[in-house]
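Trainee: Please take me through one part of this model closely, the helix packing, and then widen out to the residues worth inspecting. Short sentences are fine.

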Amino acid sequence: MSMQVFIDYTDPVVTDKKELEVRDKRPRLAFIRKSDTEFRVETFHVDGEPRAAYDIDISKYAKGEIHSLQGYNTFLPYIPEDRVSMDIFLDMGQVAAAKEEVHCLHLNHKPNSVVFYIAPGTDDVYVYCRHITYFEGIEPIVVDSNNFHVILQAHCPNYEDPRPMNTLRLRTLLALDPNESLACIESQLDFVTAMLLAVVDGDPELKLRVLEKVGEYANFKDAVEPNLLFTVKEPSKCLDEIRTLKAFARQKQREYYAARAALLAAKEAAHVGTDE
């Protein structure tokens, strides 16, 4: 297995473990290669004493995904998979992660200590260390970028940057208010419920068949009918919201799928050009 380890020029490589004392309060790491598939990451207190050590066997992680040992103020002993668009790899939903990313970048924080990627179809692993690091058992490659996607594009054949697609998806999600969508669904469901109750109650034969299948029909009606949305909001208002909100959501979806198709077409064209 080929292992390439990177660090950017803003975080110096130290050659003596004694230099890991954090005199300027900046985090320090030790990266120790143990075998072809294993490495250890050690973190240190401000006095230079070890804080924690994590042994990582990369053979246990999925290929083709970015994995991250996190460290935002403290180092967390788990490695979530990449779920967001840019330089931050946090185990949370995309919207929450985007907010956290903006916060970290604003404060110039590096929210994780080590990220790594195993190339699909190979056993080649690419590792990026954040923070001042002492290396043992491997010579790091100093790069001029702190963006792991950019590093991978430069060194890993056939790596496809997920950020354009993720950003497109995230932009669409942020444009839609989940509360408005929920209100729209509730209005539409209550309209359908009211119509269904009217149809069932208006046809004795149908009502008998419903009662045979749904023994709780009467209880359902008693629970739902007094609490329909129309008891607190004018039906015309509900219809206006359905019409407006659903039209807006459909338009955003059309824009998303058109932009997504354009991205996929551009990617396909790039592959064809490379093959030729």
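Mentor: Start with helix α4, residues 178-201, and helix α6, residues 217-224. Their axes (lines fitted to C-alpha atoms over the stretch in contact) come within 12 Å of each other. The crossing angle is roughly 140°, on a scale from 0 to 180 degrees between N-to-C directions. The pair is therefore oblique: under 35 degrees is roughly parallel, over 145 roughly antiparallel, 65 to 115 roughly perpendicular, and the rest oblique. Helices here are DSSP runs of H or I with at least four residues, and strands are E runs of at least two, numbered from the N terminus.

This is a predicted model, so local features need pLDDT of at least 70 and side-chain atom pairs 80 or more, while totals for chains, interfaces and linings use all residues. Numbering runs from 1 along each chain as its sequence is written, and side-chain values use heavy atoms, without hydrogens or water.

Now the residues at that crossing. On the α4 side, T193, L197, V200 and D201 are in contact (heavy atoms within 4.5 Å). On the α6 side, their partners are Y217, F220, K221 and V224. By class, this contact holds five nonpolar residues, one polar and two charged. Nonpolar covers Ala, Val, Leu, Ile, Met, Phe, Trp, Tyr, Cys and Pro; charged is Asp, Glu, Lys and Arg; the others, Gly among them, are polar.

Next, bring in helix α5, residues 204-213. α5 packs on α4 with the axes 6 Å apart. The angle between α4 and α5 is about 110°. That value makes α4 and α5 roughly perpendicular. From α4, the residues in this contact are V199, V200 and D201. From α5, they are L206, K207 and V210. The class split for α4 with α5 is four nonpolar, no polar and two charged. V200 and D201 of α4 appear in the contact with α6 and also in the contact with α5. Select those two residues if you want to view both contacts in one frame.

Now step over to strand β8, residues 112-118. What does Y117 touch? Leaving aside neighbours within four places in sequence, its contacts are G64, E65, I66, D124, V125, Y126, F148, L152, C156 and Y159. Y117 is buried, because its relative accessibility is 5%; buried means under 20%, exposed over 50%, and partly exposed in between, with a 1.4 Å probe and protein chains only. One of those contacts, C156, sits 39 residues along the chain from Y117. Their C-alpha atoms are separated by 9.6 Å.

V115 is in β8 as well. Its relative accessible area is 0%, so V115 is buried. C129 is 14 residues from V115 in sequence. In space, C-alpha to C-alpha, V115 and C129 are 6.7 Å apart.

Follow the Y117 contact to Y159. Y159 lies in the loop between α2 and α3. Its relative accessibility is 11%, so Y159 counts as buried. Y159 touches Y117, along with I66, H149, L152 and Q153, not counting residues up to four places away in sequence. I66 and L152 are also on the contact list of Y117. Y159 and G64 are 95 residues apart along the chain. Their C-alpha atoms are nevertheless separated by 8.5 Å.

N158 is in that loop too, between α2 (148-155) and α3 (163-175). Buried or exposed: which is N158? It is exposed, because its relative accessibility is 71%. Check its backbone as well. N158 has phi near 70°, a positive value in a residue other than glycine.

H131 also has a positive phi, about 85°, and is not a glycine. H131 belongs to the loop between β9 (125-129) and β10 (132-136). With a relative accessible area of 7%, H131 counts as buried.

Finally, the whole chain. Its secondary structure comes to seven helices and 11 strands. Of its 276 residues, 37% count as buried. Take contacts between residues at least 6 apart in sequence: 58% of them join residues at least 24 apart.
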